[in-house]
Amino acid sequence: MASVLARSILLRQQTSAHRIGYTTPLKIKSCYISYAAAPKEKSPENYTRYHEVSAENWRFVERLIPPTFVPSYPKNGNYSSDWTPPADTPPNLPYFVKRTKNYMVPVYLKFEEVRNERKITIIRHIEGDIWVLEKAIKSHLESLSKRPVVSQVHEVAMHIKFRGDYVNEVKKWLLNAGF
Amino acid sequence: MAGAGNRVLAGADRALDLLRSLPRLSLGNLKSNPKAFQQSKRGRGRYGGNKHGAGNKGSGQRQNFMRLGYETGNNPFYLRVPKEPYYKGHHLRREYPPISLLQLQTLIDTGRLDTSKPVDLVALCNTKIFLLSPIEKQFGFQLTDEGLDKFKGKVNIEVQHASEQVIAAIERNGGVITTAFYDPPSLLAMRDPIKFFASGIPIPKRQMPPEDAIEYYTDPKNRGYLADPDLIALERFKLAQKYGYELPDLKKDPELAMLLERKDPRQIFFGLSPGWVINMKDKKIFEPDDEKLQEYYKS
């Protein structure tokens, strides 16, 4: 790159010199090293010789390749964590809560700044009659906490918000309902 | 003048016709009148020039402001408060992001982790749920004791830090745990091995832990990777006695070969030696012949 630039400058200088009448060529010597102009590879004797390792070891490389999609969960029925898979047949209810792509219940804790920071429990991926679901969960939470629970229903985005941290309670309720 | 054609228009008709062909006025092409916003120039001379907004006298007018923190002779705030050395040496500290036993069990339940093979940092990063950032001085994962009673998985796991209770929870189920150190260049290769292999760089040689971590990783109580295996076996027995559980016999285990799989202290990937170059496209592995390089990569 730099050498090309230098050559073009030299050429331009020469042509202008010819036009004026000078015959002495102007030499521009580049006294710097450019990364772009440097040769990318050295000659082979600068590198080590190598040999191929047996193909038997390739299985260890295959172990390191991550899956390109979310793997499906094992259907053996032994789930010792809080997580359980959704019921095979959806429950006969006017509403439905879809699992996320990672097979998780879509209940999240959000921190919303209104006048001060508030903890908001949000349920997403709702289908069907959102108002019935809101009434059912709200009455459940109120019976648990023995105090009124403030809720907000968004019919367009199809999500419900509850003021306060009820994530574990709501998750448990939804899992028990078979979602 | 699209509509003009052969007709001769005059006056308002002509103006309206012009308007029809012109672009509509919208928020996109609104522009203020020329010279609508013109800054008044700073006046100079006998009557025009005054203070020019710099105020009268003092540091404001002369632009010689006091240095930051100077309180005109008071004991300044930055010296009044005593030092709080909570973050002393934070640039040297190693961070180990936590993974709880409940999270690990959830990974197993949802089929994200294959427990038929040893679980190490690469397997945890390959779930794409836990990300490691070695550039932020994260040196690997620590296993925490949340969900300790619910943990039922039998795993051969390698983490960078684990408490005594966590070790007991893993070994109670017939699993094996090792704590191992990785230096940042190794971690950069391990967090995304496929991307690393594509760069054409040979697999790095794992460096020994720093001075303040050697004690941890040589201690059989922590199941350190530099500890004596015989002493680890003894400590496994002692821990089972302490927490009162029956230690499952590893020798009778059908998955014994998997449970005994360990890395060399200089190795970062199972089955792959440092110095090897992986060609993902042709599915080939190359090893250097140079004696000096072989000497360097030797463990």
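# Notebook: chains A and B

I started with chain A and counted four helices and seven strands. The model is a predicted one, and I read every entry below with that in mind. Along the sequence I noted the order α-β-α-β-β-β-β-α-β-β-α for chain A. I then looked up burial: 10% of the 179 residues in chain A are buried. For contacts in chain A between residues at least 6 apart in sequence, I found that 62% join residues at least 24 apart.

**Chain A, annotated span**

I checked the UniProt record, where an unreviewed entry lists "domain: SUI1" at residues 107–178 of chain A. Over that span I read 38% helix and 36% strand. The end C-alpha atoms of residues 107–178 of chain A are 15 Å apart.

Next I followed strand 3 (residues 107–113) of chain A, which pairs antiparallel with strand 4 (residues 117–123) of chain A through seven bridges. I placed A:Val107 opposite A:Ile123 in strand 4 of chain A. The two strands make a hairpin, with three residues between them.

**Contact between the chains**

I asked how many residues each chain brings to the contact. Chain B gives 31 residues and chain A gives 23 residues. On the side of chain B that touches chain A, I found that helix 5 (101–109), helix 6, helix 9 and strand 7 (284–288) of chain B each supply at least two residues. Strand 7 of chain B has the largest share of that side, with five residues. I sorted the side of chain B that touches chain A by class and got 13 nonpolar, seven polar and 11 charged residues.

**A sheet with strands from both chains**

I then traced an open sheet of three strands in the order 1(A)-7(B)-6(B), with antiparallel pairing. Its edge strands are strand 1 of chain A and strand 6 (277–279) of chain B, each of which pairs on one side only. I noted an average twist of 30 degrees from one strand to the next.

For the pairing across chains, I found three bridges between strand 1 (residues 50–52) of chain A and strand 7 of chain B, which run antiparallel. A:His51 has B:Glu287 as its bridge partner in strand 7 of chain B. Within chain B, strand 6 and strand 7 pair in the antiparallel sense over three bridges. There I placed B:Val277 opposite B:Phe286 in strand 7 of chain B.

**Chain B, annotated span**

I went back to UniProt for chain B, where an unreviewed entry places "domain: Large ribosomal subunit protein uL15/eL18" at residues 98–178. I read the span as 30% helix and 19% strand, with its end C-alpha atoms 16 Å apart.

I looked at strand 3 (residues 156–159) of chain B and found it joined to strand 5 of chain B by four bridges, the two running parallel. B:Asn156 stands opposite B:Val176 in strand 5 of chain B. Is strand 5 (residues 176–179) of chain B covered on one side or on both faces? I found both faces covered: B:Val176 and B:Thr178 are buried on one side, and B:Ile177 and B:Thr179 are buried on the other.

**Helix 7 against helix 11, chain B**

I took the pair of helix 7 (residues 164–172) and helix 11 (residues 229–243) of chain B and read a packing angle of about 100 degrees, with the axes 10 Å apart. Helix 7 and helix 11 of chain B are therefore roughly perpendicular to each other. From helix 7 of chain B, I listed B:Ile167, B:Ala168 and B:Glu171 in the contact. From helix 11 of chain B, the contact uses B:Arg236, B:Leu239, B:Ala240 and B:Tyr243. These contact residues divide into five nonpolar, no polar and two charged.

**Helix 8 and B:Met190**

I listed the buried residues of helix 8 (residues 184–191) of chain B as B:Ser186, B:Leu187, B:Ala189, B:Met190 and B:Arg191. Among the elements that cover them are helix 6 (121–126) and helix 9 (193–198) of chain B.

I picked B:Met190, in helix 8 of chain B, for a further look. Why does B:Met190 count as buried? I found 26 C-beta neighbours inside 10 Å, so B:Met190 counts as buried, the cut-off being 20 or more. Leaving out residues up to four places away in sequence, B:Met190 touches B:Leu121, B:Val122, B:Cys125, B:Tyr182 and B:Ile268. Last, I looked up B:Met190 with B:Ala15, 175 residues apart along the chain, and found their C-alpha atoms separated by 73 Å.

Notes: Residues are numbered from 1 along each chain as its sequence is written. Chains are lettered from A and ligands numbered from 1 in the order in which they are written. This is a predicted model: local features need pLDDT of at least 70, side-chain atom pairs count only at pLDDT 80 or more; totals for chains, interfaces and linings use all residues. UniProt positions are given in the numbering used here, feature names are shortened, and annotations may be inferred rather than shown by experiment. A residue is buried if 20 or more other C-beta atoms lie within 10 Å of its own, exposed if 12 or fewer, and partly exposed in between; C-beta atoms are placed from the backbone. Two residues are in contact if their C-beta atoms, placed from the backbone, lie within 7 Å. Two strands pair if DSSP finds at least two bridges between them. Axes are lines fitted to C-alpha atoms, for helices over the stretch in contact, and angles run from 0 to 180 degrees between N-to-C directions. Angles under 35 degrees count as roughly parallel, over 145 as roughly antiparallel, 65 to 115 as roughly perpendicular and the rest as oblique. Ala, Val, Leu, Ile, Met, Phe, Trp, Tyr, Cys and Pro count as nonpolar, Asp, Glu, Lys and Arg as charged, and the others, Gly among them, as polar.
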